[in-house]
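Colleague: I am new to this structure and would love a close look at one helix and its surroundings. Could you walk me through a single part in detail?

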Amino acid sequence: MSTTTVPRVTTRRAPHAAADDDGWSQLVEAVRESGLYPTRAKAEQVTRTVLAALGTHVTGDERVDLARALPAEAARLIASQIPATHRLTAARFVDEVASRTPGATPATARWDVSSVLGALPPLIGDDLVTRILAQLPTGYALLFGRADLTPVS
C-alpha cells in the first residue's frame with residue numbers, strides 16, 4: 001500500500017487566533033534569546049508587561065497597524081490598554097515598566113524593554129517602527145534597537 005503525503009499549507013492566522021499560535025511562541029522565544037532569560041515563562045512575563053505598557057502609548061493608525069502586525073496574543077495586549085493622556089519620555093516609560101515588574105530596577109527594566117521592543121521590528125517592519133517612533137518622544141529609538149539620530153532642539 002502506498003501512502004500519500006499531503007503538503008502542509010501555512011497561512012497567517014487571523015488577528016484573534018488562539019493565544020498559543022506560532023507567532024506568539026516565536027515572539028516570546030525571540031525575547032528569551034535577545035534578553036538571555038533563563039526560562040520561557042520569564043520571557044513571556046517580560047513580553048506581556050512591556051507590550052501592555054507600550055499599548056498605552058501608541059495611538060491612532062499606528063496602534064491599529066501594530067496590533068494587526070503582531071501575533072494575536074500580543075495584539076490583545078496592545079489593544080486592551082487605555083491610551084495614556086500624555087506620552088512618557090523613554091526614561092519614564094522604562095520606569096513605568098519597572099513599577100509593573102516585581103523586583104525590577106531601572107537597569108533591569110531597561111533591559112526588559114529593549115529585549116521586547118528590539119524583537120518587534122522583524123515582525124512589524126521598519127516602516128511601522130519609524131511611524132511609531134515619530135509619534136513618541138525622542139529616546140525610544142534606542143529601545144527599539146535603532147540609533148537615535150533625532151537632533152536635539
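Modeller: Happily; here is a tour of helix α8 and what lies around it.

This is a predicted model, in which local features need pLDDT of at least 70 and side-chain atom pairs count only at pLDDT 80 or more, while totals for chains, interfaces and linings use all residues. Residues are numbered from 1 along each chain as its sequence is written, and side-chain values use heavy atoms, with hydrogens and water left out.

Helix α8 spans residues 126–135. Helices here are DSSP runs (H or I, at least four residues), numbered from the N terminus. The buried residues of α8 are Leu128, Val129, Ile132, Leu133 and Gln135. Buried means under 20% relative accessible area, exposed over 50%, and partly exposed in between, with a 1.4 Å probe and protein chains only. Looking down the axis of α8, you find its buried residues within an arc of 160 degrees, so they line one face of the helix. That arc is taken from the directions from the helix axis to the C-beta atoms.

On the face turned away from this buried side sit the exposed residues Asp126, Asp127 and Ala134. The cover over the buried residues of α8 includes α3 (60–69), α7 (121–124) and α9 (140–143), where contact means heavy atoms within 4.5 Å.

Let us start with Asp126. Its side chain meets that of Arg146 in a salt bridge, at 3.8 Å from N to O. This pair links distant parts of the chain, with Asp126 in helix α8 and Arg146 in the segment after α9, 20 residues apart. A salt bridge is a side-chain nitrogen of Lys or Arg within 4 Å of a carboxyl oxygen of Asp or Glu, and by this rule the count comes to ten. Asp126 is exposed, with a relative accessible area of 52%, whereas Arg146 counts as partly exposed at 24% relative accessibility.

Now turn to α9, one of the helices covering α8. The structure holds one aromatic pair. Phe93 and Tyr140 form this pair, which is tilted, with 5.5 Å centre to centre and 55 degrees between the planes. Rings of Phe, Tyr and Trp (its six-membered ring) pair if their centres lie within 6.5 Å; planes under 30 degrees apart count as stacked, over 60 as edge-to-face and the rest as tilted. Phe93 lies in helix α5 (residues 90–100) and Tyr140 in helix α9, so the pair ties together parts that are 47 residues apart in sequence. Phe93 counts as buried at 0% relative accessibility, and Tyr140 counts as buried at 1%.

How values were computed:
Helix = DSSP H or I, 4+ residues; strand = E, 2+ residues; numbered from the N terminus.
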